[in-house]
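Work through the exercises below with the sequence and the 3D view open. Try each task before reading its solution.

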Amino acid sequence: MSRSTRQLKLGAFLMATGHHVAAWRHPDVPAQAGLDFAVYKELAQIAEAARFDALFVADSLAAPTGPIASRMARSDYFEPLTLLAALAAVTERIGLIATSTTSYNVPYHVARKFASLDHLSGGRAGWNLVTSDNAAEARNFGREEHFGHAERYRRAREFHRVVTGLWDSWEDDAFVRDKASGEYFDPDKQHLLDHRGEFFQVKGPLNVARPPQGYPVIVQAGSSESGRELAAQTAEVVFTAQPSMAAAQAFYADLKGRLKQYDRSTQSLKIMPGVFVVVGDSESQAREKFEAFQDLVEPEVGVALLGRMLGNFDLSGYPLDAPLPALPLTESGQQSRQQLLTELAGKDNLTLAQLGRRIAGGRGHYSLIGTPGQIADELQAWFEEGAADGFNVLVPHLPGGLRDFAGGVIPELQRRGLFRTEYEGRTLRENLGLARPKNQFV
């Protein structure tokens, strides 16, 4: 393929022992990795040495429950902002993106924590703004029922307005700290938000100076109609699950096409689909690696994962060899993921057990299993043919899968001129090629 003049962006999506649901059972994986900072430090330094744009850490505010929960390694892991604050001290350039839900947080806390992380890291923070898709979170926060889909997105829009308004509480040079005059800050450069809305009343100002990046980079991960509109309005990076290049091209064109109504350029938003990658010296070796994980998948575990990904449905009462039952449109989960998985089941005529096994690695994200050259070919095609600005990389197991990608695929992308050999700047915005936002009160 021809040498590219653009360069793609890459995120390393870290999930405790790895993205494969059975990764923790593999002999090469430290089963306690979710609470082992040394493992995360190693991962961060592997990714930074490979010049990844960012580390990406997801989150949930509820532990799995039920008869299959004890078979799944999704119950003990660090809170993302705490983890990334620690990783900021052992890295220098790589971005630090944490998930924080707008459903079960309040804006002042989120604004303060991400502003603090941006200062601690020298301008490398990113906020993955999500509306919770885990209905079990509701009862941890005093609610009998989860927010409905439309209400979650109305709340998210207002939440974003409040957080960005709080980040603008102070102009960049507000804190003069003049010992001679006794003036610590210039009162004319302090701005009260005084927000009163449907969900929140927030006076302000924030008790943290304006973040080094102006705002930490805003990431959004929804692909439903509501999610796309929220992304077009607020996001600077979009993480999406797309099953094929054709679907990714359609999503890319649709989302980029929505930016004009918000007076945004197409360069102000980077679309980075998730890609599940298994790397081998040969295609057969890569498939052997993958099958070693697949062989560890218990059918009931795969179906439990499937029910969660479809939108918080209990599928345990259905026969494993039965087709996916007709399900109502989820109000509590990800509607775009429900549609993707339902279409996959129908297209390939999969039983529940087969569909659970199919998504055990990438949870519906596009999967690539092969040599570094084969994987680079596919990433390059998506990048150059209007399907992606980069990728959020999911690997089956950690740290081995990330090491395989960093040592094999990254050099191949660099050889083709598709990926950096050195960081362009010191902040996440600089490395992603995103402008620093102006203060809305100036």
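Two residues are in contact when heavy atoms of theirs lie within 4.5 Å. The model used here is predicted.

**Exercise 1. A residue in a helix**

Task: Find the element that holds Tyr153, decide whether Tyr153 is buried or exposed, and list what it touches.

Solution. Step 1: Tyr153 is part of helix α4. Step 2: the cut-off for buried is under 20% relative accessible area. Tyr153 has a relative accessibility of 7%, so it counts as buried. Step 3: leave out residues up to four places away in sequence; Tyr153 then touches Thr131, Gln220, Gly222, Ser224, Ser226, Gly227 and Leu230. Step 4: check the record. The UniProt entry, which is unreviewed, gives the feature "binding site" at Asp59, Thr99, His149, Tyr153, Ser223 and Ser224. Tyr153 is thus one of the positions in that record, and its contact Ser224 is also listed there.

**Exercise 2. The helix around it**

Task: Compare the length of α4 with the expected length, and state how many of its residues are buried.

Solution. Step 1: α4 runs over residues 149-167 and has 19 residues. Step 2: from its first C-alpha to its last, α4 reaches 27 Å. Step 3: at 1.5 Å a residue, the expected value is 27 Å, and the helix is close to it. Step 4: of the 19 residues in α4, 14 are buried, and the helix is mostly covered.

**Exercise 3. A residue in a loop**

Task: Place Asp59, classify its exposure and name its contacts.

Solution. Step 1: Asp59 sits in the loop between β2 (54-57) and α2 (80-88). Step 2: partly exposed covers values between 20% and 50%. The relative accessible area of Asp59 is 27%, so Asp59 is partly exposed. Step 3: with neighbours within four places in sequence set aside, Asp59 is in contact with Tyr77, Pro80 and Thr99. Step 4: Thr99 appears, like Asp59, among the "binding site" positions of the unreviewed UniProt entry.

**Exercise 4. Two helix pairs**

Task: Describe how α2 packs on α3 and how α5 packs on α6.

Solution. Step 1: the axes of α2 and helix α3 (residues 107-121) are 9 Å apart, at an angle of about 15 degrees. Step 2: angles under 35 degrees count as roughly parallel, and α2 and α3 are therefore roughly parallel to each other. The crossing of α2 and α3 is left-handed. Step 3: the contact uses Leu81, Leu84, Ala85 and Ala88 of α2, and Lys113, Phe114, Leu117, Leu120 and Ser121 of α3.

Step 4: turn to helix α5 (residues 225-234) and helix α6 (residues 245-257), whose axes come within 9 Å and cross at roughly 50 degrees. Step 5: α5 and α6 are therefore oblique to each other, and their crossing is right-handed. Step 6: Arg228, Ala231 and Ala232 of α5 meet Phe251, Asp254 and Leu255 of α6.

**Exercise 5. Backbone exceptions**

Task: Locate two residues with a positive phi and two cis peptide bonds.

Solution. Step 1: recall the usual case. Most residues other than glycine have a negative phi, and most peptide bonds are trans.

Step 2: Ala16 has a phi near 40 degrees, a positive value, and is not a glycine. Ala16 is in the loop between β1 (9-14) and α1 (37-49). Its relative accessibility is 12%, so Ala16 counts as buried. Ala16 touches Ala33, Gly34, Tyr40 and Leu398, not counting residues up to four places away in sequence.

Step 3: Asn349, also not a glycine, has a positive phi of about 55 degrees. Asn349 lies in the loop between α9 (335-348) and α10 (352-358). The cut-off for exposed is over 50%; Asn349, at 66% relative accessible area, is exposed.

Step 4: a cis peptide bond joins Gly204 to Pro205, with omega about 0 degrees. Pro205 is in the loop between β6 (201-202) and β7 (217-220).

Step 5: another cis peptide bond joins Leu398 to Pro399, with omega about 5 degrees. Pro399 is in the loop between β11 (390-394) and α12 (400-415). Leu398 is also one of the residues that Ala16 touches.

How values were computed: Residues numbered from 1 in each chain as written. Predicted model: local features only at pLDDT ≥ 70, side-chain atom pairs only at ≥ 80, totals over all residues. Heavy atoms only, no water. Helix = DSSP H or I, 4+ residues; strand = E, 2+ residues; numbered from the N terminus. Expected span 1.5 Å × (residues − 1). Buried < 20%, exposed > 50% of the residue type's maximum accessible area, 1.4 Å probe, protein only. Axes fitted to C-alpha atoms, helices over the stretch in contact; angles between N-to-C directions. Parallel < 35°, antiparallel > 145°, perpendicular 65-115°, else oblique. Left-handed = near helix turned anticlockwise from the far one by under 90°. UniProt positions renumbered as here; feature names shortened; annotations may be inferred.
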